[in-house]
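Reader: Please take a close look at the salt bridges in this model. I would like to know which residues take part and where they sit.

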Amino acid sequence: MSTHSGFVVLAGRANVGKSTLVNGVVGAKVSITSDKPQTTRRAIRGVATGPGWQLVLVDLPGVQRPRDRLTERMQRRVEQELADADAALLLLNGEEGVGPGDRFIAEALERSPVPVVLAVNKVDRLDRAATAAALAAAAELREDAEVFPVSARTGAGVQPLVEHLVSLLPEGPFYFEPTRRSDQPEEVALAELVREQVLARTRQEVPHAVEVQVDEIEHEEGLVRVRAYVWTETESQKGILIGSGGRMIKAIGTAARRELERRLGEHVHLDLVVRVRRHWRADEALLDRLGIE
């Protein structure tokens, strides 16, 4: 029996639900979620495999105009992934309608030779009339594109979307073992789960100034020891992350340890160290070590 496989890039504004959709299609948490913009810094690949097909969803960093070395790398990665893809999926927020950011991304996709599919997310929060209006507005972005109403949160409408994406895949062998859910190295996946808990608890400039690097993973009998550095840019940000009496870093660590245990299926001892590295977002060597290409 012939198999079909390929890469579909997932583009969209911040907070449209890209990571939630990837996790739902894959059936596992491969991309962290947050209400903060620019949560996704790496192109994260989620792998979904079915009878005779393998769909590799690439959750892109947000399409944006570069501001520093970090965002330059993110934008370059977006362009590389688009060049290598078999299709592109533009996800829109049905609650907010089509805005300038969506049009900016749609124009970026115009330059890509691959087929583009549109999905309107969060339709579980809309009535029938609002859903119809959101779908009509989406269709105006790309007259040649199929448009799907979905709810990444509840899974409604996701199956027809996946079936359509699979129909666009070329014939070819699987890229990953059928049991794989992501291409991320273990240390990156664990670091992202820690960063997710930082994002959930901090405000203003702190979330954007934080990166997490897992330095050590030791597997013992019935226990995994994880040591991670939480990088930030200023002493004041470090103070916020540690919190009064160490309460903030303890809360982050407790919540992150639960996520790590859920992923690894074992007890975890998590050691978090907060360090200041000024201008790390412009530090090419550190960005290389962090795997932000």
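Author: What follows covers the salt bridges, with a short look at one sheet at the end. This is a predicted model, in which local features need pLDDT of at least 70 and side-chain atom pairs count only at pLDDT 80 or more, while totals for chains, interfaces and linings use all residues. Residues are numbered from 1 along each chain as its sequence is written, and side-chain values use heavy atoms, with hydrogens and water left out.

Side chains of opposite charge can pair when their charged atoms come close. A salt bridge is counted here when a side-chain nitrogen of Lys or Arg lies within 4 Å of a carboxyl oxygen of Asp or Glu. The count by this rule is 15 salt bridges.

One of them joins E259 to K29, at 3.4 Å from N to O. This pair links distant parts of the chain, 230 residues apart: E259 belongs to helix α9 (residues 247-264), and K29 to the loop between α1 and β2 (44-50). Helices (H or I, at least four residues) and strands (E, at least two) are DSSP runs, numbered from the N terminus. E259 has 14% relative accessibility and so counts as buried, whereas K29, at 31%, counts as partly exposed. The classes are buried under 20% relative accessible area, exposed over 50% and partly exposed in between (1.4 Å probe, protein chains only).

E259 also forms a salt bridge with R262, at 2.8 Å from N to O. About one helical turn separates E259 and R262, because they are three residues apart in helix α9. R262 is exposed, with a relative accessible area of 60%. Through shared partners, salt bridges join K29, E196, E259 and R262 into one network.

Another salt bridge pairs E96 with R13, their closest N and O atoms being 3.2 Å apart. E96 lies in the loop between β4 (87-93) and α3 (100-110) and R13 in the loop between β1 (4-11) and α1 (18-26), so this pair ties together parts that are 83 residues apart in sequence. With a relative accessibility of 53%, E96 counts as exposed.

Now the sheet. Three strands form an open sheet with mixed pairing, in the order β7-β8-β9; two strands pair if DSSP finds at least two bridges between them. Its edge strands, β7 (211-220) and β9 (267-276), each pair on one side only. Strand β8 (residues 223-232) runs parallel to β9, with 10 bridges joining the two.
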